[in-house]
Amino acid sequence: MNFPGIIMISRYYFVLPLAVFLPAVFYYFGLSRKRRSFGPISHVEAATPKGLKKSRPKSTASKTTQWYQNLFFQLQHLEDHLDVLESARDELLAMFSRGLSTALEQPQSILSIEHYDAKKIWSFIEKEHDIVLAKWESYLKRRKQGQGPELFATAEAAKAWLVQQAPVKFVDGAWLAHIHKITTPFALRSVTKDAWQVLSEELGDGDLTKHHVYLYRQLLEDIGHPLPEGHSADFINPSHWEGINNRGAWEAAVGQLLISLFPNEFLPEILGFNMHYELITLDTMRASHELRALGINPYYFLIHIAIDNADSGHTAMATHTVTRYLDMVRATEGEAALEQAWKRVQTGYILSQTLGSSHSHERDNSSLAAKGSNFGITLDPLSARVIDIFKAKASVSHQFHCQSRARIGGKTLAEWLAPSTWSHSHPHQHLELVAALSQAKPWIYPGESKKSLLVRELSWEGRMFGAFTHDEVIALTSWIDSLGPEGNAWLYWSFTRRQALASKNAVGELQDPVRHHPVVLPRGADTVNIATGTPEFNSDAEFQVEQQPLTPPSDARLPDVIALWFAHVGLLENTINTPSRTASPLYASILRLLRAQAGFAVETHIVAGMDEFKRLTCPSLVDLGLELISRAGWDAKPSSLQEVLLLTASQGQGEESAALARNMLVWGTRPSANLGLLLGLALAFLDLKEAVSRAAGLLSEESRLVLTAILAREKQSLEECIRELRGTDEAQYQQLIRGYRFGRGALENCL
């Protein structure tokens, strides 16, 4: 079902009886609703940082290409556009619901696995893989028989398509970009680390020449159609997109940016999205074949065919991550939580499957190709009651409307009222009708029964007074009120059985950098004020770090050390939230540093793939921090950063280290503005880790060796960052020096 343009009426052949609810609804729609259309992109005004229009919640039908372009820019500059978070979450929920609606119409999809079963998931993924390979074999057979190309008739058509797809290609990996933060609960870090590895490989594992966004930019340059950097304001300038109808590509790109934006709330959906997105697609294979024949380098598509393989590549990695996560939920939270988590994984999978699919043939929806049997969906009592009411009305009104051409949700009134539609107990067609009606303004305004025309028409002096009983009207009124705060998300809340939470409230809770990601801080709370009076460093002279090592911490200073240890892990993790920005030598070095901190193996010329999953020991800085707590003798096992900082405070942590720990978490939320500062602080914290590695009894001998190896990789990466900043950004280079000097002085005081 497609929510945009829910109602279309072309002609009326008879006066609808006032005593029957549904016919009156359609009649009114015919008088009050008009179809909307989207103007060509060439008529859209340019959006620049100064004139950028804020993306506000709108009905699906009113979202233009420019709306998605603006949101595309804002989400890649989130630190300057935090006010867009409510709109962003609303759009994500609406996308979930639209995807579910499509899957409910064509239910032979992942929804056919009604209850979690790891073997069934693997079988399903294998079947999806086999379907694509069978289609690929058929394609090759057709080509051998002399049939022409199926994607690109000419080289110019291929080039135009490559440009059209640029928005979604320039955010490759973004669906995982906000996971595996220091605010991730520790029990989930093994799961999010596995997913983060996919992101790392999308970003080339710190090798710029393997970075997927970089490769696509090179491809566009090779075909003579270069575009600005995907995160730049110039990228969304209409002059680059005149005459190109690629609204679906912008929508798909925004969907990738949105899905990972709230990782603490939507982790199951992120993992499900990842499981589908990493499947090999028929169009990737066809594109590589046809581009080569046209003399266009197909390597970008070839590497996706190879790296997404189902044995050792991203398909296998993503599926393993899903089953590992769900097995963990079952073990820790029980069967009810498991089933809800599985439905949420399905929702994310379906979003990837349906996102922008009507405008792009890049993602293959093979499992949505044929209609099949129903599957069980548990409805909330109000929705079930509403369906019962409609079922009763349909049983006495079907024959009246067999000639009506009125449509709702793509079906005629006669199709909705057909006895076969209502012959089973709450099949998916019933849910489709309720979902469609939930968006049927002006009859139903989600969350506002008093404003809804349906309620007025059912009341005294209304045209349908008497058609419904008192109890039926009460049920309908309660159901309408339950649809708030955002009616576009109703199907998501119903399917996943989550308690609806308004975006205003959800975003309003994101105020603590110790617990939340992203974080919405009061104005001015993230202001950096350090090193006042520090003189400018002469950039012609080589910057030197302090040669005198820090004194190994005493037992009395362990609370300070441990708090700072965990907080400093968050310094640079947000610098890679935007894939397009990371396609540079500086960010390639930062990514290698983050890989070292997270416990990944040293990079080689070949991606690790499933080999990383099979490594028996791979401690991260967080793991080493937990060992510090264990060996400190504190009778506690913190499960999150928040619990760590509460513990260190209870053990006598000093005020200065407590302030520094929180400040680092705050400064890390503005990775672009504070880049130099964050790199300088990271450089200073090499000294702290080196001091810990020399201290007797704080870590086991094995862990000390691990820490020494991590330090060597961090140091090499930071030296590369210093050289890069010195040659490209003098202002940030000076901030790096200030950050190092400030951090070094603060550590000396705290220790």
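## A buried histidine with positive phi

Histidine 180 has a relative accessible area of 9% and is therefore buried, since the cut-off for a buried residue is under 20%. The model in which this residue is seen is a predicted one. Histidine 180 belongs to the loop that runs between helix H6 (166-169) and helix H7 (189-202). Its phi is near 60°, a positive value in a residue that is not glycine.

The loop between H6 and H7 also holds leucine 176. Leucine 176 has a relative accessibility of 0% and so counts as buried. Beyond its neighbours within four places in sequence, leucine 176 is in contact with Ala195, Val198, Leu199, Ser260, Ile270 and Asn274. Its C-alpha atom is 9.7 Å from that of leucine 267, although the two residues are 91 residues apart along the chain.

## The chain as a whole

The chain contains 30 helices and three strands. Of its 751 residues, 58% are buried. When contacts between residues at least 6 apart in sequence are considered, 78% of them join residues at least 24 apart.

## Helix H4 and its ends

Helix H4 covers residues 118-144, a run of 27 residues. From its first C-alpha to its last it reaches 39 Å, close to the 39 Å expected at 1.5 Å a residue. The buried residues in H4 are Ile121, Phe124, Ile125, Glu128, Val132, Trp136 and Tyr139. The cover over these buried residues includes helix H10 (263-277), helix H11 (282-293), helix H13 (314-333) and helix H14 (335-354).

At the N-terminal end of H4, aspartate 117 acts as a cap: one of its side-chain oxygens lies 2.9 Å from the backbone nitrogen of lysine 119. After the helix comes glycine 146, with a positive phi near 100°.

## Helix H15

Helix H15 spans residues 381-394 and has 14 residues, so a length of 20 Å is expected at 1.5 Å a residue. The end C-alpha atoms are 20 Å apart, in agreement with that expectation. Buried residues in H15 are Ser383, Ala384, Val386, Ile387, Ile389, Phe390, Lys393 and Ala394.

## A buried lysine and its partner

Lysine 63 is located in the loop between helix H1 (21-32) and helix H2 (65-75). With a relative accessible area of 2%, lysine 63 falls under the 20% cut-off and is therefore buried. Its side chain makes a polar contact, at 3.2 Å, with the side chain of glutamate 91.

## The loops on either side of H21

Arginine 497 lies in the loop between helix H20 (490-496) and H21. Like histidine 180, which has a positive phi, arginine 497 is a residue other than glycine with a positive phi, in this case near 65°. The relative accessible area of arginine 497 is 40%; because this value lies between the cut-offs of 20% and 50%, the residue is partly exposed.

The loop between helix H21 (503-508) and helix H22 (558-568) holds proline 518. A cis peptide bond joins histidine 517 to proline 518, with omega at about -5°. Proline 513 is also placed in the loop between H21 and H22, and its relative accessibility of 4% is why it counts as buried. Apart from its neighbours within four places in sequence, proline 513 is in contact with Thr183, Val519, Leu521, Arg662, Leu665 and Val666. One of these contacts, arginine 662, is 149 residues from proline 513 along the chain, while the C-alpha atoms of the two are separated by 7.6 Å.

## The second largest pocket

The second largest pocket has a volume of about 600 Å³. It is lined by 21 residues, of which Val545, Leu683, Leu686, Lys715 and Glu719 are the closest to its centre. Helix H28 (675-694), helix H29 (701-728) and helix H30 (730-750) are the elements that give two or more residues to this lining.

H29 supplies the largest share of the lining, six residues. By residue type, the lining of the second largest pocket comprises nine nonpolar, three polar and nine charged residues.

Terms used
Residues are numbered from 1 along each chain as its sequence is written. This is a predicted model: local features need pLDDT of at least 70, side-chain atom pairs count only at pLDDT 80 or more; totals for chains, interfaces and linings use all residues. Side-chain values use heavy atoms; hydrogens and water are left out. Helices (H or I, at least four residues) and strands (E, at least two) are DSSP runs, numbered from the N terminus. The expected span of a helix is 1.5 Å times one less than its number of residues. Buried means under 20% relative accessible area, exposed over 50%, partly exposed in between (1.4 Å probe, protein chains only). Contact means heavy atoms within 4.5 Å. A polar contact is a pair of N or O atoms within 3.5 Å; within protein, one must be able to donate a hydrogen and the other to accept it, and residues adjacent in sequence count only if both atoms are side-chain atoms. On a 1 Å grid over the protein atoms alone, a cavity is a set of points where a 1.4 Å probe fits but cannot get out, and a pocket is an open set with protein on both sides within 12 Å along at least five of seven lines; lining residues have an atom within 4 Å of a point. Grid points are joined across faces, edges and corners, and a volume is the space filled by probe spheres set on the points. Ala, Val, Leu, Ile, Met, Phe, Trp, Tyr, Cys and Pro count as nonpolar, Asp, Glu, Lys and Arg as charged, and the others, Gly among them, as polar.
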